[in-house]
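Reader: I am in my first year and would like a close look at one part of this protein. Please take me through it step by step.

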Amino acid sequence: MSAPRRSTRLSAQADTKLAPLPPPPSRRKRKAGPDVATAPNPVTPIKRRAQPAAPRPLTPTPEPVAAEQGDGPPTARHKTLARIADPASTNATLVSPETSRLVASRHAGSVSPSKAQAVRTTTHTILQEACEHLIKVDERLRPLIEKNPCKMFSPEGLAERIDPFESLASGIISQQVSGAAAKSIKAKFVGLFGQHEDPTPRFPHPSEVAQCPLDKLRTAGLSQRKAEYIQGLADKFASRELSANMLHDAPYDELVERLVAVRGLGRWSVEMFALFGLKRMDVFSTGDLGVQRGMAAFAGRDVAKLKSKGGKWKYMSEKDMLDMSAKFAPYRSLFMWLMWKAEDSFTDVSTME
């Protein structure tokens with residue numbers, strides 16, 4: 001992605017199964033900014049002096065990314081049977097784009113009795129295990145985890161069915177446009193394939209998109225380049241060069257290498273797909289400015305002072321980000337998700353010490 005990007009923090013809800021807390025303190029809204037969280041009572045938040053309006057780096061916000069990558073609200077029709085889970089692997093339930101066949105890990109109950117004791121981590125326990133690990137590494141994360149339940153890795157979130165072609169194509173559609181514009185273009189795109197009258201329209205199969213003339217694809221509101229990108233992605237799935245099975249089973253490094261080779265998919269886009277689409281637990285992106293800003297706030301730095309190096313906005317160096325996040329492996333996805341939410345909670349770091 002050539003243009004700088006702006007990232008705000010995610011808002012997702014799910015039961016983390018931690019001990020219940022007392023009712024949350026009252027919150028007061030700030031006059032500016034998308035979030036309204038304040039420091040916990042009885043500590044009075046430190047008021048910061050108004051900063052001059054500086055141009056903020058433009059990064060896609062996690063909210064529309066999450067929506068496009070399959071982080072929508074769980075649906076009751078998706079059963080939450082416990083499946084074997086692995087922090088280093090894909091934990092999502094994938095749908096084959098061409099055949100609608102489900103690709104997922106085995107149900108924990110299907111494991112033979114002789115191996116059952118060795119199966120500890122399932123889709124019902126992996127979020128709790130991740131939360132416990134993060135808190136063990138850094139106790140300051142406890143209140144952040146308790147305030148911001150992460151539904152993405154909950155049993156309901158992991159039961160959602162993700163079409164990887166739709167998820168990746170939607171990511172291309174949403175590049176450098178607003179969430180509302182991306183939603184409109186996607187609806188028109190789906191309508192090109194006779195789905196507009198269906199009350200529950202399906203995303204077109206890769207073979208349908210691969211055979212569709214570029215001029216027709218552009219009538220949905222796609223630029224020439226985006227139409228080419230999506231058609232090229234469709235070719236990869238139609239030819240089986242990419243498949244739900246491969247995306248489910250491939251090691252992370254191979255997955256990234258295969259996807260960044262596709263025109264229109266940069267590393268950040270692939271990392272967001274691995275996080276929100278495949279629901280891998282050990283994804284970490286150094287190129288996301290929202291994560292940089294949250295980590296800088298978590299580390300106690302003054303994030304009101306933007307730093308520019310070589311024309312690029314920087315709150316924290318890549319090396320510092322990697323060093324800080326390394327200790328949270330193999331659950332860096334959850335750590336990164338929390339860093340999107342960290343600025344408000346850690347602006348006054350004294351309240352967390």
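Reader: Are K279 and E160 buried or exposed? Please start there and work outwards.

Author: First, the ground rules. This is a predicted model, in which local features need pLDDT of at least 70, side-chain atom pairs count only at pLDDT 80 or more, and totals for chains, interfaces and linings use all residues. Residues are numbered from 1 along each chain as its sequence is written, and side-chain values use heavy atoms, with hydrogens and water left out.

Now your pair. K279 is buried, and E160 is buried too. Buried means under 20% relative accessible area, exposed means over 50%, and partly exposed is in between, with a 1.4 Å probe and protein chains only. The two side chains meet in a salt bridge, at 3.7 Å from N to O. K279 sits in the loop between α13 (267-277) and α14 (289-298), and E160 in the loop between α5 and β3 (161-162), so the pair ties together parts that are 119 residues apart in sequence. Helices (H or I, at least four residues) and strands (E, at least two) are DSSP runs, numbered from the N terminus. A salt bridge is a side-chain nitrogen of Lys or Arg within 4 Å of a carboxyl oxygen of Asp or Glu. Side chains of opposite charge can pair when their charged atoms come close.

The structure holds 13 salt bridges. Another one joins R258 and E254, whose closest N and O atoms are 3.4 Å apart. Both residues lie in helix α12 (residues 252-260), four residues apart, about one turn of the helix. R258 is partly exposed, at 31%. E254 is partly exposed as well, at 35%. Back to your pair: salt bridges that share partners join K151, E160 and K279 into one network.

K151 leads on to S154. The backbone oxygen of K151 lies 2.7 Å from a polar atom of the S154 side chain. S154 lies in the loop between α4 (141-147) and α5 (155-159). S154 is buried, at a relative accessible area of 1%.

One last stop is D163. This residue lies in the loop between β3 and α6 (164-173). D163 is buried, at 14% relative accessible area. The C-alpha atoms of D163 and G277 are separated by 8.4 Å, with their positions 114 residues apart along the chain. D163 also touches V95 and P97, not counting residues up to four places away in sequence. Contact here means heavy atoms within 4.5 Å.

Methods. Polar contact = N/O pair within 3.5 Å; in protein donor to acceptor, adjacent residues only side chain to side chain.
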